[in-house]
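Take a walk through this predicted model with the sequence open beside it. Begin at the largest pocket, then move on to the core and the loops.

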Amino acid sequence: MKRNAQLGLLLTGLALFLLPFAAGLLGDAWIRILAFSLLYMMLALGLNIVVGYAGLLDMGYVAFYAVGAYSYALLASPHLTDHFPVLAQAFPAGLHLSAWIAIPLAAGLAALFGVLLGFPVLRLRGDYLAIVTLGFGEIIRIFLNNLNAPLNITNGPQGLARIDPVRLGPISFAEPLSVLGVVIPSAQLYYTLFLLLTLLVMLISIRLEHSRIGRAWMAIREDEIAAKAMGINTRNMKLLAFALGASFGGVSGAMFAAFQGFVSPESFVLSESVVIVAMVVLGGMGHVQGVALGALLLYAIPEGLRYVARPLQLELFGAEWIAPEALRMLLFGLSLVLIMLLRPRGLWAPTRGGSA
């Protein structure tokens, strides 16, 4: 790993660690926005492996997010034991698997789904690959929405509730933690956990970029025929990209389920995939720090406008001229157009030799 990449990762981690202390002065809602920003960073970094490194346009990435979320929800909630007597006999107290076991399982299952998606699309590129992966994402959402009969596995559109929070020994992340008289909100506990996981994902991504695997992915991205002629097993490299990217999405989905305590198919619609792709493209495809920046800006700023748009309009104009939801989408779309015109390679594009 390059030294300046290590320094950049360290400075980024320090800034993100201090950020919620300032945001907490404005209320817990702002800490929640930052926590979800980190979840989207993990999603964007996972998609960056597929799109930014390997050059495979995946428009159904939210499917792996859903697989991770539902995997965790089923393993850490009483839903299965409530609807399947065999499991109820085996686990009289309910199926409440530890988060530290459920999260790796969710990541592994998401990686398996990544490989299952990768096999049929090995010969596809560009628009054709985008269409197939888009369909895959919708198929997963529709399955989750309808797997409540004849066997109730996902509880259909009603979703899964009563999901166990993350626990660290006797500490439950769902409850505030008092340390030397200082009360740390639940949202900040989750934020810290998400930050550690995000930094781990960033570290893995940077290490992969400067490895033989990363160089093989980039060779495939630039010219697959030439990469194959050089002896690169393009099939295995593509499958590895899909699996690794999907596993990051699975971890993010598991954390989402633990944080929310509830999941439903409505959280995994097509627009989520589009937003994640936009984060990768606008941040700078193939650049870890750029993708993280894109995820932070494209999630945190529109969500923050929900809270400040109306008071700001009342202060400036004395009336609300544009509804906050319409204003945030207007600015979101405008920012996409401007960035593509002014910075077509992304806000923080990679240097010619790779990451900065």
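Which residues lie nearest the centre of the largest pocket? They are Tyr40, Glu272, Tyr299, Glu303 and Arg306, and the full lining has 24 residues. The space inside is about 570 Å³. Several helices build the wall. H2, H11 (234-260), H12 (270-283), H13 (288-317) and H14 (324-342) are the elements that give two or more residues to the lining. H13 provides the largest share, with six residues. By character, the lining splits into 14 nonpolar, seven charged and three polar residues.

Now turn to the core. The largest nonpolar core holds 104 residues. Within it, Tyr72, Val166, Phe194 and Val263 have the most contacts. Which helix gives the most to this core? Helix H2, residues 28-53, does so with 18 residues. H2 thus appears twice, as it is also among the elements that line the largest pocket.

Look at Phe194 in detail. Beyond its neighbours within four places in sequence, Phe194 is in contact with Ala35, Leu38, Leu39 and Met42. Met255 and Phe259 are contacts of Phe194 as well.

Leu197 is the next stop. This residue sits in helix H8. Leaving aside neighbours within four places, Leu197 is in contact with Met42, Val251 and Met255. Met42 and Met255 also appear in the contact list of Phe194. Follow the chain back from Leu197 to Ala44 and 153 residues separate them, yet their C-alpha atoms are 13 Å apart.

Helix H9 comes next, spanning residues 212-222. Which of its residues are buried? They are Gly214, Ala216, Trp217, Met218, Ala219 and Ile220. What covers them includes H2, helix H8 (186-209), helix H10 (224-229) and H11. H2 and H11 have already been met in the lining of the largest pocket.

Go back along the chain to helix H7, residues 126-146, where Thr133 has its place. Is Thr133 buried or exposed? Thr133 counts as buried because its relative accessibility is 0%, and the cut-off for buried is under 20%. Its side chain reaches the backbone oxygen of Ala130 at 3.0 Å. Those two residues are three places apart in sequence, and a general point about helices applies here. An α-helix has 3.6 residues a turn, so residues three or four places apart point the same way. Farther along the sequence, not counting residues up to four places away, Thr133 touches Leu57, Asp58, Met59, Gly60 and Leu117.

Leave H7 and enter the loop that runs between H7 and strand E1 (167-168), where Pro150 is placed. Three backbone details deserve a look here. To start, a cis peptide bond joins Ala149 and Pro150, with omega about -5°.

Next is Asn155, found in the loop between H7 and E1. Asn155 is not a glycine, yet its phi is positive, about 65°. Asn155 counts as buried because its relative accessible area is 18%.

Arg162 is also found in the loop between H7 and E1. Its phi is positive too, about 55°, although Arg162 is not a glycine. Is Arg162 buried or exposed? Arg162 counts as exposed because its relative accessibility is 56%. The two residues with positive phi thus part ways in burial: Asn155 is buried, whereas Arg162 is exposed.

Technical notes. Residues are numbered from 1 along each chain as its sequence is written. This is a predicted model: local features need pLDDT of at least 70, side-chain atom pairs count only at pLDDT 80 or more; totals for chains, interfaces and linings use all residues. Side-chain values use heavy atoms; hydrogens and water are left out. A nonpolar core is a set of buried Ala, Val, Leu, Ile, Met, Phe, Trp, Tyr and Cys residues joined through side-chain atoms within 4.5 Å. Buried means under 20% relative accessible area, exposed over 50%, partly exposed in between (1.4 Å probe, protein chains only). Helices (H or I, at least four residues) and strands (E, at least two) are DSSP runs, numbered from the N terminus. Contact means heavy atoms within 4.5 Å. On a 1 Å grid over the protein atoms alone, a cavity is a set of points where a 1.4 Å probe fits but cannot get out, and a pocket is an open set with protein on both sides within 12 Å along at least five of seven lines; lining residues have an atom within 4 Å of a point. Grid points are joined across faces, edges and corners, and a volume is the space filled by probe spheres set on the points. Ala, Val, Leu, Ile, Met, Phe, Trp, Tyr, Cys and Pro count as nonpolar, Asp, Glu, Lys and Arg as charged, and the others, Gly among them, as polar. A polar contact is a pair of N or O atoms within 3.5 Å; within protein, one must be able to donate a hydrogen and the other to accept it, and residues adjacent in sequence count only if both atoms are side-chain atoms.
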